[in-house]
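Let's take a walk through this protein together, starting on the inside and working outwards. Keep the 3D view open while you read.

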Amino acid sequence: MTTASTIRRRYVTAPIAGKAIGKGAEAGRLVHYRVCGEGPAVVMLHDSPRSSRLHTATMKMLASRFRVFALDTPGYGNSQPLGLIDPAIPDFAEALREALAALGLEEAPLYATHTSAKIALALAARGGKMPLLVLDGLSIPDAPAPETFINAYMRPFRPDADGAYLAAEWVHARDMLRWFPWFSRKAESRMAMDAPAPEWLEDYGIDLFSAGPHYSDAYAAAMRWNPLEDLRTVQVPTRVAARSDDVLYGFLGKVPVDQNDRLTVERLGSDRDEWLDWLAETLAGAGTGAASPPPPEAAPDAQAGYVDLPQGQLHWRRNLSGSGRTVLALSAPTTLEAQAWAQALAGSRPTLVPDLPGFGDSDPLAKPDADLLASSLAQVIEHLALGKVDVLAIGLAAPLGARLAALRPDLVGTLVIHGAPHMDIDAAFNAACCPVIPFDAHAGTHLHRIWHMLRDSQVQWPWFDGTQGAACKSAALPEPAQMHAALTGVLKQLPRYGDCVVAALTAASAEKWREVTVPTFVTLGDDPAQRDADEIAGLLRDGQTFALPASPQEGAAILTAVLGAAVPAAS
(Lines give C-alpha, C1' and ligand atoms only; values in the text may rest on other atoms or scores of the structure.)
Protein backbone atom coordinates (compact mmCIF):
# COMPACT_ATOMS: atom_id res chain seq x y z
CA MET A 1 0.00 0.00 0.00
CA THR A 2 1.30 3.43 -0.93
CA THR A 3 1.26 6.03 1.87
CA ALA A 4 2.65 9.52 2.33
CA SER A 5 5.73 7.99 3.92
CA THR A 6 6.28 5.52 1.07
CA ILE A 7 9.63 6.41 -0.47
CA ARG A 8 9.84 6.24 -4.25
CA ARG A 9 13.10 6.28 -6.18
CA ARG A 10 13.38 8.19 -9.41
CA TYR A 11 15.83 9.55 -11.97
CA VAL A 12 15.92 12.92 -13.64
CA THR A 13 18.17 13.85 -16.54
CA ALA A 14 20.12 17.03 -15.85
CA PRO A 15 22.36 18.87 -18.31
CA ILE A 16 26.04 18.06 -17.96
CA ALA A 17 27.60 20.85 -15.93
CA GLY A 18 30.87 22.68 -16.47
CA LYS A 19 33.70 20.73 -18.08
CA ALA A 20 32.14 17.28 -17.90
CA ILE A 21 33.36 14.88 -20.53
CA GLY A 22 32.70 11.33 -21.61
CA LYS A 23 30.35 9.20 -23.65
CA GLY A 24 26.72 10.25 -23.69
CA ALA A 25 27.50 13.80 -22.54
CA GLU A 26 25.05 15.21 -25.09
CA ALA A 27 22.20 13.26 -23.47
CA GLY A 28 22.67 14.72 -20.00
CA ARG A 29 23.60 13.14 -16.70
CA LEU A 30 21.32 10.87 -14.69
CA VAL A 31 20.55 12.12 -11.19
CA HIS A 32 19.01 9.58 -8.83
CA TYR A 33 16.79 10.70 -5.97
CA ARG A 34 14.28 9.54 -3.39
CA VAL A 35 10.97 11.28 -2.73
CA CYS A 36 8.10 10.93 -0.26
CA GLY A 37 5.57 12.94 1.69
CA GLU A 38 2.94 15.61 1.11
CA GLY A 39 3.23 19.37 1.44
CA PRO A 40 5.78 22.01 0.50
CA ALA A 41 9.00 20.69 -1.02
CA VAL A 42 12.29 20.42 0.86
CA VAL A 43 15.57 19.02 -0.43
CA MET A 44 18.08 16.90 1.49
CA LEU A 45 21.70 16.18 0.57
CA HIS A 46 24.03 13.57 2.07
CA ASP A 47 27.66 13.35 3.14
CA SER A 48 30.37 11.21 1.52
CA PRO A 49 30.58 8.36 0.75
CA ARG A 50 26.87 8.00 1.53
CA SER A 51 23.84 8.39 -0.72
CA SER A 52 20.22 9.48 -0.27
CA ARG A 53 19.80 6.12 1.50
CA LEU A 54 21.24 7.97 4.53
CA HIS A 55 18.07 10.06 4.87
CA THR A 56 15.36 7.39 4.52
CA ALA A 57 14.36 7.35 8.19
CA THR A 58 14.33 11.16 8.40
CA MET A 59 12.32 11.41 5.18
CA LYS A 60 9.57 9.19 6.59
CA MET A 61 9.40 11.28 9.76
CA LEU A 62 9.11 14.52 7.79
CA ALA A 63 6.65 13.08 5.27
CA SER A 64 3.51 14.28 7.12
CA ARG A 65 4.59 17.91 6.74
CA PHE A 66 6.72 18.09 3.59
CA ARG A 67 7.32 16.52 0.23
CA VAL A 68 10.92 15.48 0.79
CA PHE A 69 13.40 15.05 -2.04
CA ALA A 70 16.77 13.44 -1.24
CA LEU A 71 19.32 13.56 -4.06
CA ASP A 72 22.32 11.35 -4.74
CA THR A 73 25.42 13.49 -5.31
CA PRO A 74 27.12 12.83 -8.69
CA GLY A 75 29.19 9.64 -8.43
CA TYR A 76 27.33 8.40 -5.33
CA GLY A 77 24.35 6.10 -4.99
CA ASN A 78 22.91 5.72 -8.49
CA SER A 79 23.80 9.19 -9.81
CA GLN A 80 26.24 9.34 -12.69
CA PRO A 81 29.60 10.95 -11.88
CA LEU A 82 30.59 14.36 -13.20
CA GLY A 83 33.19 12.95 -15.57
CA LEU A 84 35.84 15.38 -14.37
CA ILE A 85 39.35 14.71 -13.16
CA ASP A 86 39.65 16.03 -9.59
CA PRO A 87 36.29 17.90 -9.52
CA ALA A 88 36.07 20.86 -7.15
CA ILE A 89 33.24 21.96 -4.88
CA PRO A 90 32.01 24.60 -7.39
CA ASP A 91 31.72 21.83 -10.00
CA PHE A 92 29.42 19.89 -7.68
CA ALA A 93 27.53 23.10 -6.87
CA GLU A 94 26.87 23.74 -10.56
CA ALA A 95 25.70 20.14 -11.00
CA LEU A 96 23.36 20.64 -8.04
CA ARG A 97 21.98 23.80 -9.65
CA GLU A 98 21.20 21.86 -12.83
CA ALA A 99 19.61 18.96 -10.93
CA LEU A 100 17.36 21.29 -8.89
CA ALA A 101 16.34 23.11 -12.07
CA ALA A 102 15.47 19.82 -13.78
CA LEU A 103 13.27 18.92 -10.79
CA GLY A 104 11.74 22.39 -10.45
CA LEU A 105 13.17 22.71 -6.94
CA GLU A 106 15.40 25.79 -7.22
CA GLU A 107 13.30 27.66 -4.62
CA ALA A 108 12.89 24.86 -2.09
CA PRO A 109 14.67 25.06 1.29
CA LEU A 110 17.74 22.87 1.34
CA TYR A 111 19.28 20.74 4.10
CA ALA A 112 22.86 19.51 3.63
CA THR A 113 25.26 17.67 5.90
CA HIS A 114 29.07 17.44 6.02
CA THR A 115 30.42 17.10 2.45
CA SER A 116 27.19 18.33 0.88
CA ALA A 117 27.13 21.32 3.24
CA LYS A 118 30.06 22.78 1.31
CA ILE A 119 28.37 21.96 -2.02
CA ALA A 120 25.08 23.58 -1.02
CA LEU A 121 26.85 26.62 0.45
CA ALA A 122 28.86 27.08 -2.74
CA LEU A 123 25.65 27.05 -4.77
CA ALA A 124 23.94 29.49 -2.40
CA ALA A 125 26.92 31.86 -2.59
CA ARG A 126 26.79 31.69 -6.42
CA GLY A 127 23.23 32.70 -7.04
CA GLY A 128 21.26 29.88 -5.44
CA LYS A 129 17.55 30.69 -5.07
CA MET A 130 16.67 28.58 -2.04
CA PRO A 131 14.80 30.55 0.68
CA LEU A 132 16.74 28.81 3.45
CA LEU A 133 19.95 26.83 3.70
CA VAL A 134 20.49 24.48 6.64
CA LEU A 135 24.08 23.23 6.99
CA ASP A 136 24.36 20.39 9.50
CA GLY A 137 28.06 19.90 10.18
CA LEU A 138 30.42 22.21 8.28
CA SER A 139 34.18 21.80 8.33
CA ILE A 140 36.05 25.12 8.49
CA PRO A 141 39.74 24.26 8.81
CA ASP A 142 42.39 26.89 9.32
CA ALA A 143 43.90 25.83 6.01
CA PRO A 144 42.98 23.20 3.39
CA ALA A 145 44.47 19.80 4.02
CA PRO A 146 47.80 19.22 2.22
CA GLU A 147 47.68 17.04 -0.87
CA THR A 148 49.85 14.41 0.80
CA PHE A 149 47.20 14.02 3.52
CA ILE A 150 44.31 13.94 1.02
CA ASN A 151 46.07 11.34 -1.11
CA ALA A 152 46.65 9.14 1.93
CA TYR A 153 43.15 9.61 3.29
CA MET A 154 41.46 9.05 -0.09
CA ARG A 155 43.18 5.81 -0.93
CA PRO A 156 42.00 4.65 -4.39
CA PHE A 157 39.15 2.17 -4.46
CA ARG A 158 40.26 -0.40 -7.04
CA PRO A 159 38.33 -3.64 -7.61
CA ASP A 160 40.78 -6.36 -8.63
CA ALA A 161 40.63 -9.74 -10.31
CA ASP A 162 41.49 -11.62 -7.10
CA GLY A 163 38.95 -10.01 -4.76
CA ALA A 164 41.74 -8.84 -2.46
CA TYR A 165 40.26 -5.34 -2.40
CA LEU A 166 37.27 -6.61 -0.39
CA ALA A 167 39.27 -7.16 2.79
CA ALA A 168 41.13 -3.88 2.35
CA GLU A 169 37.93 -1.87 1.83
CA TRP A 170 36.15 -3.48 4.77
CA VAL A 171 39.01 -2.63 7.12
CA HIS A 172 39.10 0.85 5.58
CA ALA A 173 35.37 1.35 6.19
CA ARG A 174 35.56 0.24 9.81
CA ASP A 175 38.65 2.29 10.55
CA MET A 176 37.13 5.45 9.06
CA LEU A 177 34.53 5.19 11.82
CA ARG A 178 37.12 4.83 14.61
CA TRP A 179 40.12 7.06 13.93
CA PHE A 180 40.75 10.39 12.30
CA PRO A 181 42.61 10.16 10.10
CA TRP A 182 41.71 6.50 9.63
CA PHE A 183 45.32 5.54 8.86
CA SER A 184 46.58 6.98 12.18
CA ARG A 185 45.58 4.05 14.36
CA LYS A 186 46.68 5.59 17.67
CA ALA A 187 44.86 6.18 20.92
CA GLU A 188 45.06 9.95 20.50
CA SER A 189 43.46 9.66 17.02
CA ARG A 190 40.42 7.73 18.26
CA MET A 191 37.19 9.64 17.58
CA ALA A 192 34.80 10.28 20.46
CA MET A 193 31.98 8.18 19.05
CA ASP A 194 30.57 4.74 19.69
CA ALA A 195 30.72 2.01 17.08
CA PRO A 196 27.66 2.21 14.81
CA ALA A 197 24.88 -0.34 14.89
CA PRO A 198 25.27 -3.24 12.44
CA GLU A 199 22.29 -1.92 10.43
CA TRP A 200 23.99 1.45 9.99
CA LEU A 201 27.27 -0.19 9.04
CA GLU A 202 25.51 -2.37 6.46
CA ASP A 203 23.97 0.70 4.82
CA TYR A 204 27.32 2.49 4.94
CA GLY A 205 28.98 -0.46 3.20
CA ILE A 206 26.32 -0.48 0.48
CA ASP A 207 26.89 3.21 -0.17
CA LEU A 208 30.67 2.86 -0.17
CA PHE A 209 30.54 -0.01 -2.65
CA SER A 210 27.94 1.79 -4.79
CA ALA A 211 30.26 4.76 -5.17
CA GLY A 212 33.28 2.48 -5.63
CA PRO A 213 36.13 4.30 -7.40
CA HIS A 214 34.14 7.56 -7.16
CA TYR A 215 33.76 7.46 -3.37
CA SER A 216 36.45 10.13 -2.97
CA ASP A 217 35.26 12.58 -5.67
CA ALA A 218 33.21 14.94 -3.49
CA TYR A 219 35.00 13.82 -0.32
CA ALA A 220 38.40 15.00 -1.56
CA ALA A 221 36.87 18.15 -3.06
CA ALA A 222 35.46 19.05 0.36
CA MET A 223 38.86 18.56 1.99
CA ARG A 224 40.39 20.96 -0.52
CA TRP A 225 37.70 23.62 -0.07
CA ASN A 226 37.71 26.33 2.58
CA PRO A 227 34.12 27.63 2.90
CA LEU A 228 34.96 30.87 4.74
CA GLU A 229 34.66 33.13 1.71
CA ASP A 230 31.33 31.58 0.78
CA LEU A 231 30.12 32.10 4.36
CA ARG A 232 31.12 35.75 4.23
CA THR A 233 29.33 36.44 0.93
CA VAL A 234 26.26 34.18 0.93
CA GLN A 235 23.00 36.16 0.80
CA VAL A 236 20.67 33.22 1.41
CA PRO A 237 19.53 32.89 5.05
CA THR A 238 21.92 30.19 6.29
CA ARG A 239 21.78 28.24 9.54
CA VAL A 240 24.97 26.41 10.43
CA ALA A 241 24.29 23.72 13.00
CA ALA A 242 25.78 20.62 14.56
CA ARG A 243 24.91 18.18 17.29
CA SER A 244 27.21 17.89 20.24
CA ASP A 245 28.27 14.38 19.22
CA ASP A 246 29.20 15.48 15.69
CA VAL A 247 32.95 15.47 14.99
CA LEU A 248 32.43 18.88 13.30
CA TYR A 249 30.73 20.47 16.31
CA GLY A 250 33.89 22.35 17.24
CA PHE A 251 33.87 24.31 13.99
CA LEU A 252 30.68 26.21 14.90
CA GLY A 253 32.76 28.80 16.69
CA LYS A 254 34.49 29.68 13.42
CA VAL A 255 31.31 30.65 11.54
CA PRO A 256 31.78 34.39 10.79
CA VAL A 257 28.40 35.54 12.09
CA ASP A 258 29.95 38.96 12.84
CA GLN A 259 30.75 39.43 9.13
CA ASN A 260 27.44 38.37 7.57
CA ASP A 261 24.01 38.95 9.11
CA ARG A 262 22.55 36.17 6.95
CA LEU A 263 24.32 33.59 9.13
CA THR A 264 23.11 32.01 12.36
CA VAL A 265 24.62 29.22 14.44
CA GLU A 266 22.67 26.44 16.15
CA ARG A 267 24.34 24.32 18.85
CA LEU A 268 22.25 21.19 19.29
CA GLY A 269 22.24 18.36 21.79
CA SER A 270 22.86 14.75 20.83
CA ASP A 271 19.24 13.56 21.15
CA ARG A 272 18.00 12.54 17.69
CA ASP A 273 14.31 13.17 18.39
CA GLU A 274 15.04 16.71 19.54
CA TRP A 275 17.18 17.23 16.45
CA LEU A 276 14.36 16.02 14.22
CA ASP A 277 11.87 18.41 15.86
CA TRP A 278 14.35 21.25 15.38
CA LEU A 279 14.85 20.35 11.71
CA ALA A 280 11.12 20.16 10.98
CA GLU A 281 10.44 23.53 12.64
CA THR A 282 13.41 25.12 10.92
CA LEU A 283 12.31 23.94 7.47
CA ALA A 284 8.72 24.97 8.16
CA GLY A 285 9.99 28.45 9.00
CA ALA A 286 11.50 28.91 5.56
CA GLY A 287 8.48 30.98 4.61
CA THR A 288 7.37 28.93 1.63
CA GLY A 289 3.95 27.36 1.53
CA ALA A 290 4.08 26.45 -2.13
CA ALA A 291 3.14 22.91 -2.99
CA SER A 292 5.91 20.81 -4.44
CA PRO A 293 6.05 20.58 -8.23
CA PRO A 294 4.89 17.37 -9.89
CA PRO A 295 7.78 15.02 -10.62
CA PRO A 296 9.03 15.44 -14.18
CA GLU A 297 8.05 12.82 -16.71
CA ALA A 298 10.80 10.34 -17.53
CA ALA A 299 12.52 11.20 -20.78
CA PRO A 300 11.57 8.82 -23.62
CA ASP A 301 15.27 8.14 -24.15
CA ALA A 302 16.04 7.59 -20.46
CA GLN A 303 18.88 5.16 -19.78
CA ALA A 304 17.50 3.98 -16.43
CA GLY A 305 14.32 4.17 -14.42
CA TYR A 306 11.74 2.51 -12.22
CA VAL A 307 8.30 1.06 -12.80
CA ASP A 308 5.92 1.35 -9.86
CA LEU A 309 4.18 -1.95 -9.25
CA PRO A 310 1.70 -3.00 -6.54
CA GLN A 311 4.45 -4.97 -4.80
CA GLY A 312 7.07 -2.21 -5.07
CA GLN A 313 9.41 -0.73 -7.65
CA LEU A 314 11.26 -2.52 -10.44
CA HIS A 315 14.49 -0.95 -11.68
CA TRP A 316 15.74 -1.18 -15.26
CA ARG A 317 18.59 0.01 -17.45
CA ARG A 318 18.70 0.13 -21.22
CA ASN A 319 20.77 1.01 -24.26
CA LEU A 320 18.88 2.57 -27.15
CA SER A 321 21.57 2.26 -29.82
CA GLY A 322 20.77 -0.10 -32.67
CA SER A 323 17.51 -0.79 -34.48
CA GLY A 324 14.66 -3.26 -34.46
CA ARG A 325 12.97 -4.85 -31.50
CA THR A 326 14.38 -4.32 -28.04
CA VAL A 327 16.18 -7.35 -26.62
CA LEU A 328 15.09 -7.98 -23.03
CA ALA A 329 18.08 -9.70 -21.38
CA LEU A 330 17.46 -11.69 -18.19
CA SER A 331 19.93 -13.38 -15.85
CA ALA A 332 19.74 -14.46 -12.22
CA PRO A 333 20.46 -13.97 -9.42
CA THR A 334 22.42 -10.94 -10.72
CA THR A 335 22.45 -9.01 -13.98
CA LEU A 336 26.08 -10.00 -14.61
CA GLU A 337 25.44 -12.15 -17.70
CA ALA A 338 22.54 -10.02 -18.96
CA GLN A 339 24.63 -6.85 -18.85
CA ALA A 340 27.50 -8.58 -20.67
CA TRP A 341 25.21 -9.64 -23.52
CA ALA A 342 23.51 -6.25 -23.61
CA GLN A 343 26.87 -4.55 -23.94
CA ALA A 344 27.89 -6.92 -26.74
CA LEU A 345 24.60 -6.29 -28.58
CA ALA A 346 24.80 -2.50 -28.21
CA GLY A 347 24.86 -0.85 -31.62
CA SER A 348 22.99 -3.64 -33.33
CA ARG A 349 19.87 -3.94 -31.17
CA PRO A 350 18.34 -1.81 -28.38
CA THR A 351 18.61 -3.66 -25.07
CA LEU A 352 16.77 -3.63 -21.74
CA VAL A 353 18.15 -5.20 -18.54
CA PRO A 354 15.92 -5.19 -15.45
CA ASP A 355 17.00 -5.88 -11.91
CA LEU A 356 14.76 -8.84 -11.13
CA PRO A 357 12.68 -8.43 -7.94
CA GLY A 358 14.86 -8.95 -4.89
CA PHE A 359 18.11 -7.95 -6.59
CA GLY A 360 19.84 -4.60 -6.80
CA ASP A 361 17.40 -1.70 -6.87
CA SER A 362 14.23 -3.73 -7.46
CA ASP A 363 11.98 -4.40 -4.50
CA PRO A 364 11.32 -8.07 -3.67
CA LEU A 365 7.97 -9.72 -4.17
CA ALA A 366 6.03 -10.71 -1.07
CA LYS A 367 7.09 -14.28 -1.88
CA PRO A 368 8.98 -15.75 -4.86
CA ASP A 369 6.52 -16.53 -7.66
CA ALA A 370 7.46 -17.08 -11.31
CA ASP A 371 4.14 -15.96 -12.79
CA LEU A 372 3.99 -12.78 -10.69
CA LEU A 373 7.58 -12.04 -11.66
CA ALA A 374 6.71 -12.56 -15.34
CA SER A 375 3.76 -10.21 -14.89
CA SER A 376 6.13 -7.60 -13.45
CA LEU A 377 8.33 -7.88 -16.52
CA ALA A 378 5.28 -7.47 -18.76
CA GLN A 379 4.39 -4.25 -16.95
CA VAL A 380 7.88 -2.91 -17.59
CA ILE A 381 7.53 -3.63 -21.32
CA GLU A 382 4.15 -1.92 -21.40
CA HIS A 383 5.34 1.01 -19.30
CA LEU A 384 8.14 1.69 -21.76
CA ALA A 385 5.75 1.22 -24.73
CA LEU A 386 8.12 -1.21 -26.41
CA GLY A 387 5.51 -3.27 -28.23
CA LYS A 388 6.93 -6.73 -28.74
CA VAL A 389 10.42 -7.54 -27.47
CA ASP A 390 12.78 -10.40 -28.12
CA VAL A 391 13.77 -12.14 -24.89
CA LEU A 392 17.24 -13.51 -24.13
CA ALA A 393 16.82 -15.62 -20.98
CA ILE A 394 20.12 -16.86 -19.57
CA GLY A 395 20.84 -19.74 -17.19
CA LEU A 396 18.81 -19.67 -14.01
CA ALA A 397 16.57 -16.93 -15.47
CA ALA A 398 15.54 -19.11 -18.44
CA PRO A 399 12.27 -20.34 -16.85
CA LEU A 400 11.31 -16.73 -16.09
CA GLY A 401 11.72 -15.72 -19.72
CA ALA A 402 9.67 -18.77 -20.66
CA ARG A 403 6.87 -17.79 -18.25
CA LEU A 404 6.77 -14.28 -19.73
CA ALA A 405 6.49 -15.77 -23.23
CA ALA A 406 3.83 -18.26 -22.13
CA LEU A 407 1.67 -15.76 -20.26
CA ARG A 408 2.11 -12.77 -22.57
CA PRO A 409 2.85 -14.01 -26.10
CA ASP A 410 1.52 -10.67 -27.35
CA LEU A 411 4.64 -9.02 -25.88
CA VAL A 412 7.30 -11.53 -26.98
CA GLY A 413 8.43 -11.90 -30.58
CA THR A 414 11.18 -14.46 -30.18
CA LEU A 415 12.51 -16.24 -27.10
CA VAL A 416 16.16 -17.34 -26.87
CA ILE A 417 17.11 -19.76 -24.10
CA HIS A 418 20.85 -19.65 -23.36
CA GLY A 419 21.35 -22.34 -20.73
CA ALA A 420 18.67 -23.43 -18.28
CA PRO A 421 18.35 -25.25 -14.96
CA HIS A 422 17.93 -28.99 -15.39
CA MET A 423 14.47 -30.47 -15.06
CA ASP A 424 15.69 -33.15 -12.64
CA ILE A 425 16.94 -30.85 -9.89
CA ASP A 426 16.11 -31.62 -6.27
CA ALA A 427 15.64 -29.77 -3.00
CA ALA A 428 19.37 -29.89 -2.24
CA PHE A 429 20.10 -28.03 -5.47
CA ASN A 430 17.51 -25.40 -4.64
CA ALA A 431 19.02 -24.82 -1.21
CA ALA A 432 22.59 -24.64 -2.47
CA CYS A 433 21.90 -22.42 -5.46
CA CYS A 434 21.38 -19.19 -3.49
CA PRO A 435 22.48 -19.85 0.09
CA VAL A 436 21.67 -17.56 2.98
CA ILE A 437 24.59 -15.16 3.41
CA PRO A 438 24.30 -13.22 6.68
CA PHE A 439 25.78 -9.76 6.99
CA ASP A 440 28.99 -9.88 9.03
CA ALA A 441 29.47 -6.54 10.77
CA HIS A 442 32.77 -7.65 12.27
CA ALA A 443 34.92 -9.32 9.61
CA GLY A 444 32.96 -8.63 6.43
CA THR A 445 33.00 -12.30 5.45
CA HIS A 446 29.73 -11.81 3.55
CA LEU A 447 31.69 -9.90 0.91
CA HIS A 448 34.00 -12.81 0.20
CA ARG A 449 31.18 -15.36 0.16
CA ILE A 450 29.27 -13.31 -2.42
CA TRP A 451 32.35 -12.65 -4.55
CA HIS A 452 33.42 -16.30 -4.71
CA MET A 453 29.87 -17.46 -5.44
CA LEU A 454 29.63 -15.02 -8.35
CA ARG A 455 33.09 -15.90 -9.65
CA ASP A 456 32.47 -19.65 -9.46
CA SER A 457 29.16 -19.21 -11.28
CA GLN A 458 31.09 -18.00 -14.31
CA VAL A 459 33.28 -21.08 -14.64
CA GLN A 460 31.12 -24.01 -13.51
CA TRP A 461 27.49 -25.12 -13.42
CA PRO A 462 26.13 -25.11 -10.84
CA TRP A 463 28.47 -22.73 -9.08
CA PHE A 464 28.86 -24.97 -6.02
CA ASP A 465 29.87 -28.06 -8.03
CA GLY A 466 33.65 -28.35 -8.31
CA THR A 467 33.71 -31.57 -10.32
CA GLN A 468 35.14 -31.78 -13.83
CA GLY A 469 31.70 -32.48 -15.22
CA ALA A 470 30.51 -29.08 -14.03
CA ALA A 471 33.34 -27.09 -15.64
CA CYS A 472 32.38 -24.65 -18.39
CA LYS A 473 34.92 -25.33 -21.12
CA SER A 474 34.72 -21.93 -22.80
CA ALA A 475 34.17 -19.77 -19.72
CA ALA A 476 35.83 -16.39 -19.28
CA LEU A 477 35.88 -14.41 -16.05
CA PRO A 478 34.24 -10.97 -16.04
CA GLU A 479 36.23 -7.78 -15.60
CA PRO A 480 36.66 -6.67 -11.96
CA ALA A 481 34.31 -3.71 -12.45
CA GLN A 482 31.56 -6.03 -13.68
CA MET A 483 32.06 -8.37 -10.74
CA HIS A 484 31.97 -5.42 -8.36
CA ALA A 485 28.68 -4.14 -9.82
CA ALA A 486 27.08 -7.59 -9.42
CA LEU A 487 28.36 -7.91 -5.85
CA THR A 488 26.97 -4.48 -4.97
CA GLY A 489 23.59 -5.51 -6.35
CA VAL A 490 23.55 -8.51 -4.01
CA LEU A 491 24.56 -6.31 -1.06
CA LYS A 492 21.55 -4.07 -1.66
CA GLN A 493 19.16 -6.99 -1.18
CA LEU A 494 21.23 -9.51 0.78
CA PRO A 495 18.32 -11.30 2.53
CA ARG A 496 16.31 -11.57 -0.74
CA TYR A 497 18.92 -11.78 -3.50
CA GLY A 498 17.98 -15.39 -4.34
CA ASP A 499 14.23 -14.84 -4.63
CA CYS A 500 14.24 -14.70 -8.42
CA VAL A 501 16.16 -17.99 -8.60
CA VAL A 502 13.74 -19.67 -6.19
CA ALA A 503 10.88 -18.48 -8.38
CA ALA A 504 12.61 -19.67 -11.55
CA LEU A 505 13.31 -23.14 -10.21
CA THR A 506 9.62 -23.67 -9.43
CA ALA A 507 8.91 -23.14 -13.13
CA ALA A 508 11.70 -25.41 -14.46
CA SER A 509 9.45 -28.27 -15.51
CA ALA A 510 8.40 -29.97 -18.72
CA GLU A 511 4.82 -28.88 -18.09
CA LYS A 512 5.80 -25.19 -17.98
CA TRP A 513 8.05 -25.42 -21.05
CA ARG A 514 5.15 -26.86 -23.08
CA GLU A 515 3.12 -23.70 -22.44
CA VAL A 516 5.52 -21.59 -24.54
CA THR A 517 4.09 -21.01 -28.01
CA VAL A 518 6.27 -18.19 -29.41
CA PRO A 519 9.21 -19.00 -31.75
CA THR A 520 12.01 -20.17 -29.46
CA PHE A 521 15.68 -20.86 -30.07
CA VAL A 522 17.62 -22.94 -27.53
CA THR A 523 21.38 -22.61 -27.65
CA LEU A 524 23.87 -25.44 -27.90
CA GLY A 525 27.39 -25.20 -26.47
CA ASP A 526 29.95 -26.43 -23.96
CA ASP A 527 28.22 -24.98 -20.90
CA PRO A 528 26.79 -27.75 -18.65
CA ALA A 529 23.72 -25.54 -18.27
CA GLN A 530 22.96 -26.33 -21.94
CA ARG A 531 22.75 -30.07 -21.28
CA ASP A 532 18.96 -30.13 -21.71
CA ALA A 533 18.89 -27.98 -24.87
CA ASP A 534 17.53 -30.68 -27.20
CA GLU A 535 14.98 -31.85 -24.65
CA ILE A 536 13.72 -28.32 -24.00
CA ALA A 537 13.47 -27.56 -27.72
CA GLY A 538 11.48 -30.76 -28.19
CA LEU A 539 8.93 -29.68 -25.58
CA LEU A 540 8.22 -26.38 -27.32
CA ARG A 541 5.54 -25.87 -29.93
CA ASP A 542 7.93 -23.84 -32.12
CA GLY A 543 11.40 -24.64 -30.82
CA GLN A 544 14.76 -25.32 -32.43
CA THR A 545 18.40 -25.32 -31.40
CA PHE A 546 21.42 -23.43 -32.66
CA ALA A 547 25.05 -23.16 -31.63
CA LEU A 548 26.07 -20.04 -29.70
CA PRO A 549 29.49 -19.35 -28.17
CA ALA A 550 29.54 -18.70 -24.43
CA SER A 551 31.38 -15.40 -24.92
CA PRO A 552 29.01 -12.47 -25.61
CA GLN A 553 31.71 -10.80 -27.69
CA GLU A 554 31.98 -13.86 -29.92
CA GLY A 555 28.28 -14.69 -29.95
CA ALA A 556 26.62 -11.27 -30.40
CA ALA A 557 26.76 -11.33 -34.21
CA ILE A 558 25.32 -14.86 -34.32
CA LEU A 559 22.53 -13.96 -31.92
CA THR A 560 21.72 -10.81 -33.89
CA ALA A 561 21.55 -12.81 -37.11
CA VAL A 562 19.24 -15.42 -35.54
CA LEU A 563 16.89 -12.80 -34.19
CA GLY A 564 16.98 -10.86 -37.44
CA ALA A 565 16.10 -13.96 -39.44
CA ALA A 566 13.31 -14.98 -37.11
CA VAL A 567 11.30 -11.78 -36.87
CA PRO A 568 10.73 -8.51 -38.75
CA ALA A 569 12.99 -5.61 -37.85
CA ALA A 570 10.15 -4.04 -35.88
CA SER A 571 6.65 -4.97 -34.75
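## The nonpolar core

Keep in mind that this is a predicted model. Its largest nonpolar core has 140 residues, and L71 and L110 are the ones with the most contacts inside it. Which helix gives this core its largest share? That's helix α2, residues 89-103, with eight residues. There is also a second, separate core, made of 22 residues, and among them are A63, Y111, L132 and A241. As a bit of background, nonpolar side chains in soluble globular proteins tend to be buried together.

Now zoom in on L110. What does L110 touch, if you skip its neighbours within four places in sequence? The list runs V43, L45, L96, L100, A120, M130, L132, L133 and V134.

## A buried serine in a loop

Next stop is S52, which you'll find in the loop between β3 (41-45) and α1 (56-62). Is S52 buried or exposed? The cut-off for buried is under 20% relative accessible area, and S52 has 0% relative accessibility, so S52 counts as buried.

What keeps S52 company in there? Leaving out residues up to four places away in sequence, S52 touches R34, H46, A70, L71 and D72. You've already met L71, one of the residues with the most contacts inside the largest core. With D72, the side chain of S52 makes a polar contact, side chain to side chain, at 2.6 Å.

## Two cis peptide bonds

Where should you look for cis peptide bonds? One runs from A332 to P333, with omega near 5 degrees. P333 belongs to the loop between β11 (327-330) and α10 (336-345).

Another cis bond goes from W461 to P462, and here omega is near -10 degrees. To find P462, go to the loop between α14 (445-457) and α15 (480-492).

## Two positive phi angles

Now for some backbone angles. D86 isn't a glycine, yet its phi is positive, near 50 degrees. D86 lies in the loop between β4 (67-71) and α2. Exposed means over 50% relative accessible area, so D86, at 58% relative accessibility, counts as exposed.

H114 is another residue other than glycine with a positive phi, this one near 55 degrees. You'll spot H114 in the loop between β5 (110-113) and α3 (115-124). How does H114 count in terms of exposure? Its relative accessibility is 22%, so H114 counts as partly exposed.

## Stepping back to the whole chain

Time to zoom out. How many helices and strands does the protein chain have? There are 19 helices and 16 strands. Along its principal axes, the C-alpha trace spans about 85 × 50 × 40 Å. A compact globule with 571 residues would have a radius of gyration near 25 Å, and the chain has 25 Å, so the two agree.

What about inside and outside? Buried residues make up 54% of the 571 residues in the chain. On the outside, the chain exposes about 23100 Å², and carbon and sulfur atoms supply 53% of that.

One last thing is how the chain meets itself. Take the contacts between residues at least 6 apart in sequence: 74% of these join residues at least 24 apart.

Terms used
Residues are numbered from 1 along each chain as its sequence is written. This is a predicted model: local features need pLDDT of at least 70, side-chain atom pairs count only at pLDDT 80 or more; totals for chains, interfaces and linings use all residues. Side-chain values use heavy atoms; hydrogens and water are left out. A nonpolar core is a set of buried Ala, Val, Leu, Ile, Met, Phe, Trp, Tyr and Cys residues joined through side-chain atoms within 4.5 Å. Buried means under 20% relative accessible area, exposed over 50%, partly exposed in between (1.4 Å probe, protein chains only). Helices (H or I, at least four residues) and strands (E, at least two) are DSSP runs, numbered from the N terminus. Contact means heavy atoms within 4.5 Å. A polar contact is a pair of N or O atoms within 3.5 Å; within protein, one must be able to donate a hydrogen and the other to accept it, and residues adjacent in sequence count only if both atoms are side-chain atoms. The radius of gyration is taken over C-alpha atoms; the globule rule is 2.2 Å times the number of residues to the power 0.38. Accessible areas come from the Shrake-Rupley method with a 1.4 Å probe; for residues, only the protein chains shown count as cover.
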